[in-house]
Amino acid sequence: MKLTLIAVATGAFVLSLAARAEDMPGMKMDSMEGMKMEQETTQAQVAEAEGTIKAMDTARHTVTVSHGAVPAVQWPPMTMAFSVTEDQLKGLTVGDRVKFSFRLEGGRATIVSIRK
């Protein structure tokens with residue numbers, strides 16, 4: 001009987017906390033202008049970077065680039081694959097130093113332009 005009462009009381013307490021969390025009309029958002037909100041991150045963002053081509057996969061339409069920091073999207077230096085069209089890869093080979101711009105949409109990075 002004690003365990004049932006404890007379980008019911010705990011459940012009621014948790015539900016009351018959940019209800020309070022959903023209803024916060026008095027919360028001020030004034031100091032949060034610098035934070036990226038969910039709707040902002042879904043909009044396409046274009047950034048520029050420089051790096052070295054590490055791999056090219058025409059079947060998967062990707063190019064892997066080891067690039068420096070990209071302050072526009074708050075990325076540290078890293079090596080990653082970008083979506084690319086076959087035409088954008090023409091004249092490029094593994095090992096080439098490149099400057100490129102890319103569009104970031106929903107966690108996917110797509111090359112807009114790339115050149116030696």
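## Close-up views of a predicted model

**View 1. Aromatic pairs across the structure.** When the whole structure is searched, four aromatic pairs turn up. One of them joins Phe-82 and Phe-100 in an edge-to-face arrangement, with 5.1 Å from centre to centre and 70 degrees between the planes. Phe-82 belongs to strand β3 (residues 78-83) and Phe-100 to strand β4 (residues 97-105), so this pair ties together parts that are 18 residues apart in sequence. Please keep in mind that the model shown here, and in every view below, is predicted.

**View 2. The aromatic cluster and its buried rings.** Here we widen the frame to Trp-75, Phe-82, Phe-100 and Phe-102, which form one aromatic cluster. Are Phe-82 and Phe-100 buried or exposed? Phe-82 has a relative accessible area of 0% and is buried. Phe-100 has a relative accessibility of 2%, and that residue counts as buried too.

**View 3. The surroundings of Thr-110.** Thr-110 sits in strand β5, which covers residues 108-115. With a relative accessible area of 28%, Thr-110 is partly exposed. Which residues does Thr-110 touch, leaving aside those up to four places away in sequence? They are Ser-83, Ser-101, Phe-102 and Arg-103. Phe-102 is also a member of the aromatic cluster in View 2. Val-46 is worth finding here as well: its C-alpha is 9.3 Å from that of Thr-110 in space, while the two residues are 64 apart in sequence.

**View 4. A salt bridge between strands β1 and β4.** The count of salt bridges in this model comes to three. In one of them, the side chains of Arg-97 and Glu-50 meet, at 4.0 Å from N to O. Arg-97 lies in strand β4 and Glu-50 in strand β1 (residues 45-57), so the pair ties together parts that are 47 residues apart in sequence. Glu-50 has a relative accessibility of 43% and counts as partly exposed.

**View 5. The salt bridge of Asp-87 and Lys-90.** Another salt bridge is formed by Asp-87 and Lys-90, whose closest N and O atoms are 3.3 Å apart. How accessible are the two partners, buried or exposed? Asp-87 is exposed, at a relative accessible area of 55%. Lys-90 counts as exposed, with 62% relative accessibility.

**View 6. The salt bridge of Asp-96 and Lys-116.** Asp-96 and Lys-116 also form a salt bridge, and their closest N and O atoms are 3.8 Å apart. Distant parts of the chain are linked by this pair: Asp-96 is in the loop between β3 and β4, Lys-116 is in the segment after β5, and 20 residues separate them. The two partners make a nice contrast in accessibility, as Asp-96 is buried with a relative accessible area of 14%, whereas Lys-116 is exposed with 63%.

**View 7. Stepping back to the whole chain.** To place the close-ups, it helps to recall that the protein chain has two helices and five strands. Along the sequence they follow the pattern α-α-β-β-β-β-β. How much of the chain is buried? Of its 116 residues, 25% are buried. Among contacts between residues at least 6 apart in sequence, 47% join residues at least 24 apart. The accessible surface of the protein chain is about 8,600 Å², and carbon and sulfur atoms account for 57% of that area.

Terms used
Residues numbered from 1 in each chain as written. Predicted model: local features only at pLDDT ≥ 70, side-chain atom pairs only at ≥ 80, totals over all residues. Heavy atoms only, no water. Phe/Tyr/Trp six-rings, centres within 6.5 Å; stacked < 30°, edge-to-face > 60°. Helix = DSSP H or I, 4+ residues; strand = E, 2+ residues; numbered from the N terminus. Buried < 20%, exposed > 50% of the residue type's maximum accessible area, 1.4 Å probe, protein only. Contact = heavy atoms within 4.5 Å. Areas by Shrake-Rupley, 256 points an atom, 1.4 Å probe, with all protein chains shown as cover.
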